Each structure stands twice: as C-alpha cells, then as structure tokens.
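Thanks for coming, everyone. I have one structure to walk through today. Have a look at it first, then we go region by region.

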Amino acid sequence: MDAGQYLVRVWQRWHSSHALVVIPLMLIAGITLADVRTEQSVHVGPLLVAAPAITTAFAGPRLTGLVGALALGAQTFLAARSGGVATSNHIAQLAGLAALSVFAVLVCYVRDRHKEQLAQVRSVSEAAQRALLRPLPERLGPLHIASSYLAAEKEAHIGGDLYAVARTGERTRVIIGDVRGKGLSAVGEAAMLLGAFQEAAHQHATLHVLADALDRSVHRYLTQFPEADEEAQEHFITALLLEIPDHSPVARMTVCGHPTPLLIRHGTVMAVASPHTAPPLGTWELGPRTRTAHAFSFLAGDTLLLYTDGVMEARGPTRTFYPLEERVAHCAKSSPTALVHHVQQDLLAHTRGALCDDAALLAIQRSPTAPLSGLHLGDLVHGVGRQVRTHEEHQQTV
C-alpha cells in the first residue's frame, strides 16, 4: 500500500462514526478537569449527562453504553473527591446520569433495529422491482432502449406503473401502462398485466386482438375475488401497446386510455396522436368496443418517448404541470439513455422531489444505420401527414 492509499484510509476512518467518539470523550475529560480546578462550591459534574446524549447521534448501543459508563465513573470520582458518594445530592446525580445512560442505550438499540428492518424492506423492494420490472436490454434488434421508474411512495422502488418489451419474430412489441392508484397497493395488478403481456404477445397476430386479450385478463383478475376488494369494479389500467417491425418504417400502436408518445425526428418533437382511443384495460364488462392499431412512420434515427401520466401531470411548487414536450425539445438530439436521464432529473427538479404519482419513462430509438425494406408508401405518407397535422394542431392550441 502506497502513502496515498494509506492517507485515504486514515481519512475515511476519521470520518467514520467511531472516530466521532472523541467528542464525548473530550467532553468527559474537559468537564472532569474543570470541576477539579474550580472551587468546591462550584460543581460542573452534572454536565456529564451531555456525553451519552451526544453519543446517541452517531454511535450504537455498545459505544453509547461505554461512554455512559465512563461518564458515570467520572461523576463517581468527582463525588468522592468533594465529600463522599453517600450524600443525597451525589446519589441523585449518579442515579440521574445512570438512568439517562440506560435510556440512551435503549434509544440506540431501537433505532438500529429500525434501520435493520428498513434495510431489509429496501432489499426486498429492490428484489421485487427487479422481478416485476425486469431490466430492459439496451439493444433489442435494431432498437436502442432506455427506461426510468420513479415511485411516488417514499422508501419504495415499485408502484403501479409498468413497462415491458417482447420479441416476436422480426418485430418488437412494447407495453407501457398505469394502474389506477399508486404505490404498493397497485403492484399486484401491474404484475398480473406484465405476466399476461409476456404470454399473450406471442399468441396474437395483431395489436388490437392482443389488447382485447389483455383486457379480458385484467377483468378476470379484478373480479376474481370481489368480496375481498369492494372497489374492484372501479379499478382499471391505462395502457399503450406498440409494435415496431425490424425492417419496416411503419410502427403501430393501440391506445387504451393512455397518453400517446412523443416522436423525435431530426431534433423536432411532435406528438403521435391516435384517431381512435379505446377505454382502459379492465373495463370489459362495460360492453364491446372497437380497438384499432394506428400506423405511423418510425424511421431510422427516430426516437419514441413513452411515459405515464405521472410525468405530464407532475406539478411544481407553483402548481404548474411539467412541460414535457418543451423540456424534451431541449435534449432532442440525445441518445435514449441521456434523454431519459435528463427528463428524470428535470422532473425531480420541477417537483423538488415530491412526486404525487408514480412516473415511468421509456425511450426507444431505431438505429440510424438500421436497414429498412418493404416500404409501405401509403402507410408512411399517412403516418407523416397525421404527425404533422397533430403537431400543428398542438402548436395552435398552445
């Protein structure tokens, strides 16, 4: 070990909690010395109670107990020196110091137990998040993918938002959704839908049929135990299904009550609006509905940003909504990873870390070098025209 590494380790040890024990030890020594040097009519020994009290801020029960014992020993020495331990005044001081030291040890013990329990909860939460929202691959076929998840509940890493991808032949299917409600109470419904999607994505040829199958799955789940959940009939999941072929510039999406994505092309941001939006998943009992797959152009180098309503409905201290499209325009030429990171940090800054709802982000970019063949010119022109009209309508509205 060289001198530099040794100094680093010494510096780290000095900043550890055990190094801070020097403070109460110096306090005990200083108070004892001050009491010895002052007149016998002046007693500063009772100030020794500050030593174990200070130790609770950075040490565990053992170290706090040791400091309390040292303070009690110093108090006993000062009492013996000033007339004997058996006097009522000194007995009261010793008893008070002993009681406070014991209380300080108990406080440290309870605090450390709570820290251990919280660490276990965090560990389980992180494991559950990895199992529920499996990390998405950075590369999937011709696509570059990045994602982010922010839970609204403190100390939680999972909630009611969800996203997943599935490869079926030479195409990628994507789902992003938002369970009614937030936090841990919505985890079960999110897990159910993710499992259903991973299975059904390989069994249905078209998106609208896949959406119908997921709708039935959610409805069965919500009504399976109606006596256990009186609000099951009021639950639903907004979702957006996306299908991106590897070699075609035309992507398709089916919207089930979910916010539509943003398309970034050559530094320009535009909303991809669907002319047909179906009700959320889980409303199958309301009767049949017509779901369609909306086609739009998704060219080499294009990026899609999918998100949940926790992003666009996030409010700042002045109660203003987060201007997602405006902020995305500032980093429109970034990679998916940089784009997601920028939006996440900007969102937290806008809300000052106080999210009112779970927020999920998913950026998908078609590789600029991805070969495209079999161009469907009619679908391509229709998709571009609709995107341009949507963008112009949005600008007029603004």
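**Thr55 and its surroundings**

Let me start at Thr55. Leaving aside neighbours within four places in sequence, Thr55 is in contact with Pro24, Leu63, Thr64 and Val67. Thr55 lies in helix 3. Its relative accessibility is 0%, so Thr55 counts as buried. Keep in mind throughout that this is a predicted model.

Now the overall picture. The chain has eleven helices and twelve strands. Of its 398 residues, 45% are buried. Take the contacts with a separation of 6 or more: residues 24 or more positions apart account for 71% of them.

Next, helix 2. Pro24, one of the contacts of Thr55, is among the buried residues of helix 2. The others on that list are Ile28, Ile31, Thr32 and Asp35. How are they arranged around the axis of helix 2? They fall within an arc of 95 degrees, so they line one face of the helix. On the other side, Met26 and Arg37 are exposed. And what do the buried residues of helix 2 pack against? Helix 3, residues 50-55, and helix 4, residues 61-81.

A quick check on the geometry of helix 2. It covers residues 22-37, which is 16 residues. At 1.5 Å a residue, the helix should span 22 Å. The end C-alpha atoms are 22 Å apart, so the span agrees.

One more residue here. Gly30 also lies in helix 2. Its relative accessible area is 36%, so Gly30 is partly exposed. Leu48 is 18 residues away from Gly30 along the chain, and their C-alpha atoms are separated by 9.6 Å.

On to the cores. As a rule, in soluble globular proteins, nonpolar side chains tend to be buried together. In this model, the largest nonpolar core holds 54 residues. Which of them touch the most other members? Leu162, Ile175, Leu193, Phe197, Leu214, Leu242 and Leu362. Helix 6, residues 187-200, supplies the largest share of this core, with eight residues. Apart from this core lies another, of 23 residues. Its members include Leu150, Leu305, Val311 and Leu339.

Look at Phe197 in the largest core. Not counting residues up to four places away in sequence, Phe197 touches Ala164, Val165, Ala166, Arg173, Val174, Ile175, Leu210, Leu214 and Leu241. Two of these, Leu210 and Leu214, are buried residues of helix 7.

So, helix 7. It runs over residues 207-223, 17 in number. From its first C-alpha to its last it reaches 24 Å, close to the 24 Å expected at 1.5 Å a residue. Its buried residues are Leu207, Leu210, Ala211, Asp212, Ala213, Leu214, Asp215, Ser217, Val218, His219 and Leu222. They pack against helix 6, strand 4 (171-179), strand 5 (237-245) and strand 6 (250-256).

Now cysteines. How many disulfides are there? The count comes to zero. Cys108 has 0% relative accessibility, so it counts as buried. Cys331, at 7%, counts as buried too.

Over to helix 10, residues 336-351, where we find His350. Is His350 buried or exposed? Its relative accessibility is 14%; the cut-off for buried is under 20%, so His350 counts as buried. The side chain of His350 reaches the backbone oxygen of Thr320 at 3.0 Å. Thr320 also appears among the residues that His350 touches, beyond four places in sequence. The rest of that list is Ala314, Arg315, Gly316, Pro317, Phe321, Tyr322, Pro323 and Arg327.

Last stop, the loops. Arg352 sits in the loop between helix 10 and strand 12, residues 359-366. Arg352 has a positive phi of about 55 degrees, although it is not a glycine. Its relative accessible area is 68%, so Arg352 is exposed.

His266 also has a positive phi of about 55 degrees, and it is not a glycine. Its loop joins strand 7 (262-265) and strand 8 (268-271). At 75% relative accessibility, His266 counts as exposed.

Finally, Lys333. Its place is in the loop between helix 9 (324-329) and helix 10. Lys333 is exposed, with a relative accessible area of 76%. Where does Gly267 come in? Gly267 and Lys333 are 66 residues apart along the chain, yet their C-alpha atoms are separated by 5.4 Å.

That's the tour. Over to you.

Definitions and conventions. Residues numbered from 1 in each chain as written. Predicted model: local features only at pLDDT ≥ 70, side-chain atom pairs only at ≥ 80, totals over all residues. Heavy atoms only, no water. Core = buried A, V, L, I, M, F, W, Y, C linked by side-chain atoms within 4.5 Å. Buried < 20%, exposed > 50% of the residue type's maximum accessible area, 1.4 Å probe, protein only. Helix = DSSP H or I, 4+ residues; strand = E, 2+ residues; numbered from the N terminus. Contact = heavy atoms within 4.5 Å. Disulfide = S-S within 2.5 Å. Expected span 1.5 Å × (residues − 1). Arc of directions from axis to C-beta. Polar contact = N/O pair within 3.5 Å; in protein donor to acceptor, adjacent residues only side chain to side chain.
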